[in-house]
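Visitor: I'm new to this structure and would love a close look at one part of it. Could you pick out how its pieces pack against each other and walk me through that slowly?

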Amino acid sequence: MTGDAIFEMKGITKVFPGIKALDSVSFSARAGEVHALVGENGAGKSTLMKVLSGVYQAEEGEIFLRGRKVRFQHPLESLTQGVSVIYQEFSLLPDRTVAENIFLGREPTNRFGILDAARMRRETRNVLALFGDRHRFGPDTLVSDLDVAQQQMVEIAKALSLNAQVIVMDEPTAALNDAECDLLFQLVEDLRGQGRSIVYITHRMREIRRLADRVTVIKDGKVAAAFDDVPETGQIVEAMVGRDIGHFYPDPATSDEVGAPVLTVHGGGNARLFDIDLELCAGQITGFAGVQGAGRTALALALFGAEPFETGTVSVEGQPVSLTSPRKAAKAGIAMLPGDRKAEGLMLMQSVRDNGMISARAFSNPLGAPNNTSVATLDQMDKLFDAFDLRAANYEVEIQSLSGGNQQKAIVARWLSLAPKVLIFVEPTRGIDVNTKAVIYAQMRSLAQDGAAVMAISSDLPEVLGISDRVLVMSDGKIVAEFGYGASETEVMHAATEAHLGLETS
Amino acid sequence: MKPARSRNLMAFAPFLLLMAAIAVYVIVAVLTGQTQFLTVENLLGLLGRSIALGITAVGQTFAILIASIDLSVANLISVSAVLASSIMSGDPSMMLPAIAAVLAVGVVVGLINGLIITQFEVNPLIATLGMALVLQGLLSATFNNFAGEVPEEFQVFAYGQVGGISISLIFLIALTVAAWVFLRFTRAGSNIYSVGGNPDAAKLAGMRTTRVVIMAHVICSVCATIAGLYLASRLRSGAPWIGRDGVYDLESIAVVVIGGTALSGGRGGVWGTLMGVMIFSLIDSIFNIAGVDAFAKQILRGIIIVAAVAVYAVRSRRIEA
Amino acid sequence: MIERLKQINPVFLVLALLFVAIAILSPYFLQPTGYMNFLKRAAPIAILAVGQLYVINSGGFDLSAGALVTLTVIGSSILLDGDASATWWVVLVMLGVGVIVGTANALVVSWLKVPSIIATLGMMITLSGVALTWSGGAPRGYLPENFRFFGRYLIKDVPLIKILPVAVIVMVIVCAGMWWLMHRTNYGKRLIAMGDNPKAALLAGVPLTETRIIAFVVSSVSAVIAGILLGGFAGVSTDVGVGLELQAITAAVIGGAQLLGGRGTVGATIAGALVLQAMFTLLNILGFPKPIRDVVQGLILISAVVIAGYRRRRSGG
Amino acid sequence: MINKFTATALAALVVALPAQAQNFDDPVEFAKQKDMLGAAANGDAETPWLQYYGDVMADTSAYKKDGPHTICFSNAGVNNPWRVVGWNTMQAEVERHDNIADFVVTDAEGSDDKQIADIEDLLAGGTCDALIVSPNTTAALTPAVEKACAQLPVIVFDRGVNTDCPVTFIKPVGGYGFGIQSGEFIAANAPEGSDVLMLRILPGVDVLETRYSAAKRIMEEAGLNIVGAEFTDGDRAKTKAIVEDYIQRGTQLGAVWMDAGATSVAAIEAFEDMGLEVPIVTGEDQQDFLQKWQEIGLNTIAPTYPTYQWRTPILAALKVLDGEAIPGPEWNLPQPAITSDNLGDFVNPSMPPLHYAACGCEDMPGYPERWGGK
């Protein structure tokens, strides 16, 4: 083992009700290195770091900090011992100043118990000075006035002000543009130069190549591979996915499967979208690529009427439609499977059946019988569940007891009951295990084969490329490029980042 | 810098509302030819009408700042007033023990509220509503009438004056200043904003959030008991219905919200609350001067509460966008 | 067997235990008359509680229900002023007021994004203001006998149960209607889905505003009906509705309804209302002073939420 | 530390419990009112609102002032039908006088705190020539009335205050008298040793407290068993529920004593609806009770607290401002009781059910419409 490790986690096992989130995981980091922690969503990376920081307590395993065994019961304990975690959702208070955020919960006071604001300001300035002149904000700026990259700097400054020796960054570039990424990379390199140890969580190969000294891959709560250097991308991906990704995606549509345009948009625009011209054809899966904030999700929300177009025209099968609410969109034959299943898709306390039936119930007589609606009957819904191989103890259990993949199947079934003409999948496989992913892909393909126009939005570029017959690239709210099946990651990425280089790669 | 400016404007919203209320007050007084009401003394006197509401609302501000709420204050006010006047029973030497006992009750009630909310994870609305019922029941089962009497010396609190300004008004302003200093300049106050604004972040930063919640509830309850002491002093005696009759629970929440403190916690402050109290007093007086039916103003109050919250709700949505 | 027992909502067991205790303690409750009078007393609160359940299941609160009860009694008495021939249209007018109040509540919540607790608190203050202004703060008019029929009249010489109060018939019909709407229609499923996750419901096509309007209208109309029963029970009264909204919320919570939406059944809510009333009856038989009812209501309110949370956590939900 | 406080608190509580702020069971006053009930009042029996007992007068020459006057009135509230009738009567009385330039009224909506502030506002306004106060509760309003006395002539009526600083305090014979009339009736007519339930509107009001203490004393001396004294807030629904509760407990009530008549009918209905014979339920001069009494032939009594006393303060204020002597510091008006013998004189189906028969308002402007009659 590594003698000079700052911290070392051995045989960590963490169990949540029904799930073994971590299974005997070991992980460590040395001073002055960047250790990349890689894995798919839901693989257990964040859980591992929460165990490290004391948010969660592991059922089994030991943690050593500078050779001494520790057991953190509370994040405060790890913080004071030099372990800082910067989470994906920033833990900043928007209505408070930078200085107040940096000293959150440990504000210096004078002997009368009054806050020492001058000292907070002074120390904040000192910490910010470590960033050189790159920060462009002061201790009294309100956090809500900062952009995302600046907010991240505040998080890092918070860690530095605690003199953290171990800094964990959880997908820090998720919301950054290229220039901001560059700045971050420089900061990380500075921190390494200062002899700190950085745990860098990501699934982006480019960043690993640029920054990492070592790589550990986690899959399904276990260490799938640990490399003492940065290996070939293919090796990492194989360890992440666990199989050859070649047969992962279904075959593309044949030319006679692709039918007439179902959905046509001319000059669509709103606050986040500009001049959208778009045709979606029956039988075809159209994928959308682009960096975060490029407008893919905004387009999905516009088409589904949640954040409608303000200009332009939309027609479905040649008939002009007005998509000003999800209800109108659904009536026009458009369905959307939201990206954040838990927040936007599921009624967690209701049964699998109720979750499946809700759209059918929403679009039939409100006083009609809920199990025998004019749109679909419970029997038909059960058959859809059966057809999707939805696994549940029975269909009356609350849907929160199901795995992510089975939940997703229920939502797909929900929309199929309306027989939509256009299906919009937003992040269809987020948090879903690899094997179920393949099932979902096959399902998307068969929906297209049944005549639906399918739209796929994912921040996982290989996924977009793998399942789409056609890829549209968005940037700054516009559609900037189109590729056919078989486009390479490099060319798509290039198109997506003419202004902003380099994201979404693996 | 644009958002900063709109936020400042929001911070001024209660102030603007107050100015508008004062303007209406002046106009009504002039139009009805009752200019004798337009003196500084009278304006101060307006706040003097609402001392009990003011003290309670300063406490309620703490509860709401941590994204909680306290429905038990009105009943606690009754408990405090009755307990104080029955312990004193007209004997000046019992004043200090009575005050101490009453404040201790406030601490205990606040602790229990806070513990039920944090330890049993009971919705604060339900927890404090339950507490309200328990307090009222115990009180009414023990007392059904004015109980005891406060000594003349104690009535100084409500009726005494220093340099022409009533002591109770000075007390309310001092209490507000103290609360403001606490919230603005101490770590504990800072923690209240943090826990109310983002409890997860506060927890990750290592804060003992449950302690902060409990502390806010203790402060809220203690303020309510002080309001009870004030009412005992003003009414000479405590009765088990005075808190409920004053609707201090709902009114204190209303003035806090009108004063710009967000029900979702983490934003606002005690000065806004004091302005909310002023606004409510002004409405009362405007109706009194205009000679409008005593009950009609209640209709307006209901509408004002909803309108104020709607303004804040619409406003905060604009900021998210 | 034990597993199945665990699944039964404990409110029904509590209710059974209370009935046993009451029957042991009071000979009056060995006869059906006792229970019929008990049900008569419980009818308004049961109807109110189920109405409240609609709003709770939608994810909100309706604090204006009690004030609307008062307004119904006062408004009817002033409009009628003892004139029996006007009863029918006055009842219709009052139901219309309920529809308007419920719609206004829902629109304030939906359009102005005001939290329902504040919106209905404002409505509660406004409605009591209207009631006070209208009446001048004291009973003014008078309720004729045919208006009081629903809340007061007893059908005598009924086999088996001897007497059958009209209020009980009203309760059964109204609650059956509300049970059907909640548990046997698409609307009810939409409502519960909305309370569980409004965003998901919206994205699944549920029309949120309409769903919310109907929930608040049901609550307000149930308050009007409760008001008609209470006015019938005792005549004009200016504070008959005070605190009833809290009793209704308590009843729903005792029945296991989840505050902020998504879980709650009509049957258990009625049982919750009966538990509350039975508890009051038991305290009365034991000779406790009335204020102790408040203490008990407060304690069971908190305990019900604590127990529900415990059960949910233990079942891993 | 806290333990010590708690101990002190508990000790003090135990001591404080029996202590009452005011003495509402005063044998001297009891005897005085009992005598008054049997005596004849001075003045014209046609205008009972100007009659008075005794001959002690208050000198008011210091208050003499040229008219027209601004008369101010701080009302406790119009929150029960009795006060509604009285308030209508008072307004009618004001209309009868040309030398009242302005009649400024505040309504405390039944809140002590608000009434204190109201009186402060009226004093601050500085326009009042005389102040009439109908206090909400006795003790709480005392300081405010004392403060007002220092500035202008004050007339208190209906409920009293604990100070004799006002020019006069107008009321009928008094609460003891009311309690004596109803208490003696029950003592004489209820089955011997039977259970009596006492229903009260609210605590803390002198005229109601004394009604209660007088009746309780008489009934206890007669060997009746008081099973409970409950507060109804003057609310019919609560009254009916309370009586039903007592019946459900298995109590055989021989009589229900009411300290005010507004909810007597609700108490009667509780017996009717439980299928029981209606025992003695006392009442007041409210029409619905009188009509029910006549209809089902009760054996009962209705002492009155006549609403014509709302006329007297206006008349008294004008006399004070003219410097004319008035009865004071206490001005007692006659207080008749309605019995089965004279019931017919008071029943008037053309007046609304909540109207109080002894209003002395039949000759006033706007009668009967102003009082809701036909």
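Guide: Here is a walk through some helix packing, a chain contact and a run of paired strands. Keep in mind that this is a predicted model.

Let's start inside chain C, with helix 3 (residues 32-57) and helix 8 (residues 166-183). The axes of these two helices come within 8 Å and cross at roughly 30°. An angle under 35 degrees counts as roughly parallel, so helix 3 of chain C and helix 8 of chain C are roughly parallel to each other. The crossing of helix 3 of chain C past helix 8 of chain C is left-handed. Who actually meets whom? From helix 3 of chain C come Met36(C), Leu39(C), Lys40(C), Ala43(C), Ala46(C), Ile47(C) and Val50(C). Facing them from helix 8 of chain C are Ala167(C), Val168(C), Val170(C), Met171(C), Val174(C), Cys175(C) and Met178(C). Sort the residues of this contact by type and you get 13 nonpolar, no polar and one charged.

While we're in chain C, look at where it touches chain B. That contact takes 35 residues from chain C and 36 residues from chain B. On the chain C side, helix 5 (87-112), helix 6 (116-135), helix 12 (244-254) and helix 14 (291-314) each supply at least two residues. Helix 14 of chain C gives the most, with 13 residues. By type, the chain C side divides into 23 nonpolar, nine polar and three charged.

Now hop over to chain D for another helix pair. Helix 8 (residues 236-248) of chain D packs with helix 9 (residues 264-273) of chain D at an angle of about 35°, their axes 8 Å apart. Here the crossing is right-handed. Arg236(D), Thr239(D), Lys240(D), Val243(D), Glu244(D) and Ile247(D) in helix 8 of chain D meet Ala266(D), Ala267(D), Glu269(D) and Ala270(D) in helix 9 of chain D. That contact splits into five nonpolar, one polar and four charged residues.

Last stop: chain A and its strand 7 (residues 166-170). Four of the five residues in strand 7 of chain A are buried, so this strand is largely enclosed by the rest of the structure. Strand 6 (residues 83-86) of chain A runs parallel to strand 7 of chain A, joined to it by four bridges. Strand 8 (residues 197-202) of chain A also pairs with strand 7 of chain A in the parallel sense, over five bridges. Val168(A) is a handy landmark here: Val85(A) stands opposite Val168(A), and Val168(A) in turn stands opposite Val199(A) in strand 8 of chain A.

Conventions. Residues are numbered from 1 along each chain as its sequence is written. Chains are lettered from A and ligands numbered from 1 in the order in which they are written. This is a predicted model: local features need pLDDT of at least 70, side-chain atom pairs count only at pLDDT 80 or more; totals for chains, interfaces and linings use all residues. Two residues are in contact if their C-beta atoms, placed from the backbone, lie within 7 Å. Ala, Val, Leu, Ile, Met, Phe, Trp, Tyr, Cys and Pro count as nonpolar, Asp, Glu, Lys and Arg as charged, and the others, Gly among them, as polar. Axes are lines fitted to C-alpha atoms, for helices over the stretch in contact, and angles run from 0 to 180 degrees between N-to-C directions. A crossing is left-handed if the near helix is turned anticlockwise from the far one by less than a right angle, and right-handed if clockwise. Angles under 35 degrees count as roughly parallel, over 145 as roughly antiparallel, 65 to 115 as roughly perpendicular and the rest as oblique. A residue is buried if 20 or more other C-beta atoms lie within 10 Å of its own, exposed if 12 or fewer, and partly exposed in between; C-beta atoms are placed from the backbone. Two strands pair if DSSP finds at least two bridges between them.
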